[in-house]
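Me: Please take a close look at the contact between the two chains in this predicted model. Which residues and elements form it, and what holds for the chemistry across it?

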Amino acid sequence: MSTLSARGRPAEVLLVEDNDDDAELTRIALGQATFAVNLHRVTNGEECMAFLRKEGGYSAAPVPDLILLDLNMPRMDGREVLHAIGADDALRHLPVVVLTTSAADEDVIVSYRLGCRSYIVKPPDFGSFAKAIRGLTDYWFSLVVLASRS
Amino acid sequence: MNRAGVDPSDGAGARVRSYKNLVAASVLVPMLLFAVVAWEGYKDAMREAEQEVGRVADVLQGHALNVFETHQLVAQRVSDRILGMSWPDIERSGDIRAYLGKIRDEYQQIKGIWLADASGVVRNASEVLPPSPLSVADRDYFQALQVADAGTMIGHIVPGRVLKALNFNVARRRETQAGTFDGVVIVTAFPGYFTDFWNRIGPTGDIAAALARKDGAILARAPEMDRNVLRLPTDSPLREAIRRAERGRYRAVSTLDNKERLYAYRRVGEYDAYVGYGITVHHALSPWRSHLVRSGSAFAIASAALLLLSLGAQERARQEQQAIRQWQETAGKLREEVARRADAEADLRRSEERFHATVESAPSAIVMMDAGGKIVVSNAATEKLFDYSHDELLGQQIEVLMPDRFREEHRRHRFAYVEAPSARTMGAGRALYGRRKDGSELRIEVNVSPVETREGLFVLAAIADVTERTRQTEALRKANDALERSNIELQRFAYLASHDLQTPMRTVASFVELLGSTYGDKLDAQARDWIQRTIRATHHLQAMVRDVLEYSRVDSQARPFEPVELRQVYDHALLLLEAAIREAAGEVSCGELPLVMGDRAQLVQLMVNLMGNALKYRSADPPRIRVSAERKDTEWQVAVSDNGIGIPLRYHERIFEIFERLHDERDRPGTGIGLAVCRRVVHRHGGRIWVESEPGKGSTFHFTIPEGTVNAS
């Protein structure tokens, strides 16, 4: 349950999610996944950008190995976050996975166009959700060699 | 006649003069009466026409609001679709072009969709753009949206550069993340969509309706607009009325055809658009005119007869005058006195007869009561309306014609009325009811007017039966309202169901599942069973919400009808059900199937649901399903029959209701949506659906689908 990632340390995951229940379910699912994870959570797009840019109260924030992004949030939503990350040279290399309830075609296409690496529709039950999260982390933390952080 | 000096026949001369007065009165009195009747009728006809114009204006306003809301919804959808895309991306994207084209095809009220950047250059559109850049920088909506987010802007009408017709545009602002102006999304509307609707509901050939902005720019007009007049003049009555209030009525002479019309106008929701509707005064007054001709001829005949009588009397009096010239002055005076009395009585009798004849022949119900409320006169129309005989009504209190619950109140009103009598319409603004002899009720309208006579005050009441009119108006208005609302409500509901309900349900399902998997070993069997039940119920609930969404989509995602080969629909359904058929070792066949007009995707859904049910509710034998069609009059009747478990007769209707289930959830899982969706699809196609079945003998589901062209709903 606590295998270290390909980098030899727990993976840093940033979860951008406004719903506390969904955040808790993601935390549990990540806890049941193969790799050890340090989970950081912010509740909207503005906070997410502050975290990534180490602004405000986030001066000590690590660079995340993976960003899990909800699409529908108040203030700055997931589409805007994708756009902002894509427009920032310092952040563009970060892998973003969209995690949402929306299976609308339009949302999927917009997200991919804006540069997300995967798009996961949250399954209606926890078992399938945990399986999806495990698959996701297995892929990102063992198989994929992440872009080097300079 | 010698007027100089003392004439012994002076009394007879006075009598001749009084006959002259009578001759004048026999013409003037009926004319005056006729004028009064005509004037009252005129006022009624105008009031009726004003209400009618107002009702039609309400319908036009509802329709226009629906259209503009659709435009706004589409502009928002398109804005969301291109959110975050750069203009070069938008310009290159074939997907976007296809997307815009698809939306344009979906909505009849939309002629084109255009995406213009911050400099006004159109970068992509549902239409094929000309090789040279097309700019909307000179358009009023563009200039307004450039300055600020003014919401949904309606542009003035212009000859389109690509679409080559008079159109107008509905536009919304697109912004960068920083909130600066980044172009506009334009949806092209066309006036014909409005005028078609108006011509459908208005009187043929004589409709006057217009859709205009507050600044007078005309957006649509019937009869068809003049390309050179795209704006109402500053002093046009409609513009003046709009400046005063957002809705109202006025009367004006059209500069187009010099006809005087009654107009009503309404603002279209919060949009800068006003819809006005008018009917000619000539048209409004036509029932009044024909009534006038009828009563006019009656008056004329009465008047002519009276005139002849008077002239005859005058002639006789003149002869008499010759004879009595010789008489003594005293005798003449005496004679004069006697004659005058006789004349007065005859006059009175004649006027009374005239009054009765007029009342009796009137087409509407008229009763007259004395100051104490006793009926003294009633006509045939009254007796017919309330189903009484003449004798039964005379002498009764007027309250006999009302339901019990209104009688006491009416008595009080009547006492008050006698104190201050005036002509008025009873029960201003309230529904009035009458009561027939058998106790049944009817909606009425009553106009009362006081009649002062030497014998005291009488009250004349004219009663009109408005039951049918009230019911029809009400039904029409309700149906119309419901129709207009349903589209937008369905879309909102679908959104709610798909997003807002699913999130909390997912939370409940997930945490209960976690409770079971994490603490299951610390709980006893009872607790674990309860957790399992909760999980099952939650999953069922999730499935139901998904199904409601699907059910609502039958209307919200509807496509226009096209010719569809039912055989292809059957093949498609077979493909989708392949696994289920193989698993059940089923045998499926079909006869010759017709070409119908319909929505292909929905017909496939219908076929999958019916054939899927046949597989699901199979008996112990391998399922055998047969699809066939036969023509019945002007429609096709399609049958899907199986050898399944069958359905008891008492459920034959209920199975088509949403969430109505026959079987135990554990036995045959499902939410009970399939047949409800089937029924909705069939109804949308203008057909019927029913089942013939007996337990143990299989089921045959029939549905009809009209042949030929069917209008999409």
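Reply: The contact draws 27 residues from chain A and 20 residues from chain B. Between them, chain A and chain B bury about 2,000 Å², with 55% of that area on carbon and sulfur atoms. One salt bridge is found across the interface of chain A and chain B. In a salt bridge, the side chain of B:Arg506 meets that of A:Asp22, at 2.9 Å from N to O. As for polar contact, six residue pairs are found across this interface, both residues of a pair being at pLDDT 80 or more.

On the side of chain A that touches chain B, the elements giving two or more residues are α1 (20-31), α3 (78-86), α4 (105-113) and α5 (126-143) of chain A. The largest share of that side comes from α1(A), with five residues. Sorted by class, the side of chain A that touches chain B comprises eleven nonpolar, seven polar and nine charged residues.

For the setting within chain B, one may add an open sheet of five strands, ordered β8-β7-β11-β10-β9 (chain B) with antiparallel pairing. Its edge strands are β8 (218-222) and β9 (247-253) of chain B, each of which pairs on one side only. On average, neighbouring strands of this sheet are turned by 15° against each other, direction ignored. Helix α5 (residues 191-201) of chain B packs on the sheet and touches β7 (208-212), β8 and β11 of chain B, its direction making about 30° with that of β8(B). Helix α6 (residues 237-244) of chain B lies across β9, β10 and β11 of chain B and runs at about 155° to β9(B).

How values were computed: Residues numbered from 1 in each chain as written. Chains lettered and ligands numbered in written order. Predicted model: local features only at pLDDT ≥ 70, side-chain atom pairs only at ≥ 80, totals over all residues. Heavy atoms only, no water. Pairing = 2+ DSSP bridges. Helix = DSSP H or I, 4+ residues; strand = E, 2+ residues; numbered from the N terminus. Axes fitted to C-alpha atoms, helices over the stretch in contact; angles between N-to-C directions. Contact = heavy atoms within 4.5 Å. Buried area = accessible area lost by both parts, 1.4 Å probe. Salt bridge = Lys/Arg side-chain N within 4 Å of Asp/Glu carboxyl O. Polar contact = N/O pair within 3.5 Å; in protein donor to acceptor, adjacent residues only side chain to side chain. Nonpolar A, V, L, I, M, F, W, Y, C, P; charged D, E, K, R; others polar.
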